[in-house]
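Let's take a walk through a protein model together. Keep the 3D view open and turn it as you read.

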Amino acid sequence: MHHFLICPLRAFWLSITLGLSTIAFAATPGDTPHRQERQRTVLSGAPQMEVVSSIVNIPPGQSAEMHFHHGVEAAYVIQGAEIQVPDKAPMLLPTGRSVMNLRDVRHGGFVVLGETPLRLFTVHIVDKNKPLYDIPPSH
């Protein structure tokens, strides 16, 4: 009887441990420290694509580099903040705003201003086995 109790308990803790490992991945090498990957899976019906969900937290004074993706990025602003793109006036990126960035379209390149961090929930549908994002070459 004791043996049967130990095995289910071990199985339970193993499933919890493995489950938690799929919830929060560390940022991949070369990735921004502002992004915490939550889940990643192959896109059903398109095995060459994958879906990646993340939380992005950019503190005041920090920036989001200009970059592009090998697929589509959808984002939802969890916590809005004031941002500034170089040579542009500051603007508010409000809580509740949704954003869509298409394949190979450069975006980012802004600094978070004020005292409030910018928090985003992002979903990328991108080419599998390519970097989640790339930095465009300098002009």
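**A pocket, a core and a sheet**

Start with the empty space: in this predicted model, the largest pocket holds about 580 Å³. It is lined by 30 residues, and those closest to its centre are Ala64, His67, His107, Gly108 and Phe110. If you wonder how anyone finds empty space in a protein, rolling a probe the size of a water molecule over the atoms shows where it is left.

Who builds the wall of this pocket? Strands E2 (46–58), E3 (63–64), E4 (71–79), E6 (91–93), E7 (98–101) and E9 (118–127) each put at least two residues into the lining. E9 gives the largest share, with 3 residues. Sorted by class, the lining of the largest pocket has 15 nonpolar, 11 polar and 4 charged residues.

Now look for the greasy part. In soluble globular proteins, nonpolar side chains tend to be buried together. Here the largest nonpolar core has 11 residues, among them Val56, Ile58, Ala64, Phe110 and Leu120. Two or more of the core residues come from each of E2, E5 (81–84), E8 (110–112) and E9.

Did you spot two familiar names? Ala64 and Phe110 are among the residues closest to the pocket's centre, and both also belong to the largest nonpolar core. Ala64 is in contact with Phe110 too, along with Ile58, Gly108 and Gly109, once you leave aside its neighbours within four places in sequence.

Next, zoom in on E5. Which of its residues are covered, and which are uncovered? Ala81 and Ile83 make up the covered face, while Glu82 and Gln84 sit on the uncovered one. The covered pair, Ala81 and Ile83, also turns up in the nonpolar core.

E5 has a partner on each side, and it helps to know that strands of a sheet pair through backbone hydrogen bonds, either parallel or antiparallel. With E6, E5 pairs in the antiparallel sense over 3 bridges, and Glu82 has Leu92 of E6 as its bridge partner. Between these two strands of the hairpin are 6 residues, and Asp87 takes a positive phi near 65° there. With E8, E5 also runs antiparallel, joined by 2 bridges; here Gln84 has Val111 as its bridge partner.

Finally, step back to see the whole sheet. Its 4 strands lie in the order E3-E8-E5-E6, forming an open sheet with antiparallel pairing. At the edges are E3 and E6, each of which pairs on one side only.

Conventions
Residues numbered from 1 in each chain as written. Predicted model: local features only at pLDDT ≥ 70, side-chain atom pairs only at ≥ 80, totals over all residues. Heavy atoms only, no water. 1 Å grid on protein atoms, 1.4 Å probe; cavity = no way out; pocket = protein on both sides within 12 Å on 5 of 7 lines; lining within 4 Å. Points joined across faces, edges and corners; volume = space filled by probe spheres on them. Nonpolar A, V, L, I, M, F, W, Y, C, P; charged D, E, K, R; others polar. Core = buried A, V, L, I, M, F, W, Y, C linked by side-chain atoms within 4.5 Å. Buried < 20%, exposed > 50% of the residue type's maximum accessible area, 1.4 Å probe, protein only. Contact = heavy atoms within 4.5 Å. Pairing = 2+ DSSP bridges.
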